[in-house]
Every structure is written in structure tokens, then in C-alpha cells.
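The following exercises ask for a careful reading of side-chain pairs, burial and contacts. Please work through each task before turning to its solution.

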Amino acid sequence: NRVDGIAVKAPDRDEIAELGDRIVAELGDRHPDTEFSAVTQEQILGVLGDILGLLTAVLAAIAGISLLVGGVGVSNIMLVSVRERTREIGLRKAVGARPRDIGLQFLLEAILLTSLGGLVGIGLGVGAALVISALTPVPATVTAWSIALAFGVSAAVGILFGVVPAQRAGRLDPVTALRSE
């Protein structure tokens, strides 16, 4: 009594549009009170591509916000670390450490902090992909470039958000730093 769809295979790829038009016209002639349309697989794939592109943009925005929040957190942790280790910084500067040496130490600590966090995230992501692939029919693969990109971004966040605390540590006056408690 009711037909919602008909699948038709064209004999040649070049005839798909013409065949769709002919089928819609014939159905319209036979059933003038009903509206028909023909949709090709390419049109469906185009719509799916648009949807996936939008989802990718939304996920990229969420990832960007997450990186910003994480970077601010790293910066705050490093600023607290500089404040708590003020005497150590003053002592190192009093015995000859250059501001560049102090700054490099704190910058390396920030990079190490974010890189370790990146490695944990990569491990969780690979583990989740393996579990999804094993338990569902959805193929989940992890590529080497995505792992390298994730690690590079986590190290870059450490560099970007560790610079200010490192510079602050390097600029501390040794006499003032040794006096602080």
C-alpha cells in the first residue's frame, strides 16, 4: 500500500542524473497527486560531508578552548611554583646562575608537565580507540601523525604558557628573593 523509497542502479555513472529525472517524470505521470524526488549517492555523501565538516569545526573549537584553559592552568601552576621556590631562585642567582638559566629551568618544567600530560592523553586515546574497535563494529584507527601532532601541541602549550612564569623567575632580584619566606 505504501512505498517510501526505490533503489535504482544506473547502467552507467554518466546516466545517473538523466535516469533520475526520467524516473521522477514517469512516477509523476502515473501518480499526479504525489510528489517524487530522486536523490543520488553523491548528493547523500555531499550532505554527510557537510555535516562531518561542521562537526569537525565544532570539535576543533572545543579543543581550542580546552587547550586555552589547560594552558592557563599550566601557567598558574608554574607561577605558584615560582612563588613557592623564591628562596631557591634567590640562592641560585646568588651563587651565579644567570636569569636565562633560571628561566630555562622553569620553561623546561612547564614543557615536561604538558608533555607528560600529552603522553597520558595519547595513551588514553589509543586505549579508547582499541576498546571501541574491539567492542563495536566501528573501525577506530590511530595514525602516527595524529600521535605526533598531539604530542607536539602539548609541548607547544608548555612552551607558550610557560614563558611568562619562566621570565618572572629569571627576573627575580636575588637579595629580595633570599629575604622572602
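**Exercise 1: Salt bridges**

Task: establish how many salt bridges the whole structure holds, and describe the pairs formed by Glu42 and by Glu26.

Solution. A search of the whole structure finds 6 salt bridges, a salt bridge being a side-chain nitrogen of Lys or Arg within 4 Å of a carboxyl oxygen of Asp or Glu. The model is a predicted one, in which local features need pLDDT of at least 70 and side-chain atom pairs count only at pLDDT 80 or more, whereas totals for chains, interfaces and linings use all residues. Residues are numbered from 1 along each chain as its sequence is written, and side-chain values use heavy atoms, with hydrogens and water left out.

Take Glu42 to begin with: its side chain meets that of Arg13 in a salt bridge, at 2.7 Å from N to O. This pair links distant parts of the chain, since Glu42 belongs to helix H2 (residues 41–84) and Arg13 to the segment before helix H1 (16–30), 29 residues apart; helices here are DSSP runs (H or I, at least four residues), numbered from the N terminus. Arg13 is exposed, with a relative accessible area of 63%, where exposed means over 50%, buried under 20% and partly exposed in between (1.4 Å probe, protein chains only).

Turn next to Glu26, whose salt bridge with Arg30 brings the closest N and O atoms to 2.8 Å. Both residues lie in helix H1, 4 residues apart, about one turn of the helix. Glu26 is partly exposed at 38% relative accessible area, while Arg30 is exposed at 61%.

**Exercise 2: A network and a buried glutamine**

Task: determine which residues a network joins through shared salt-bridge partners, and whether Gln105 is buried or exposed.

Solution. Begin with the side chains of Arg85 and Glu88, which meet in a salt bridge of 3.2 Å, N to O. Salt bridges that share partners join Arg85, Glu88 and Glu109 into one network. Glu88 counts as partly exposed, at 35% relative accessibility.

Then consider Gln105, which is found in helix H4 and counts as buried at 19% relative accessibility. Leaving aside neighbours within four places in sequence, Gln105 is in contact (heavy atoms within 4.5 Å) with Arg85, Glu88 and Arg92.

**Exercise 3: The buried side of H3**

Task: identify the buried residues of helix H3 and what covers them.

Solution. In helix H3 (residues 86–94), the buried residues are Thr86, Ile89, Gly90 and Lys93. They cover an arc of only 100° around the axis, taken from the directions from the helix axis to the C-beta atoms, and therefore lie on the same side of H3. Their cover includes H2, helix H4 (99–135), helix H5 (144–171) and helix H6 (174–179).

Methods
Helix = DSSP H or I, 4+ residues; strand = E, 2+ residues; numbered from the N terminus.
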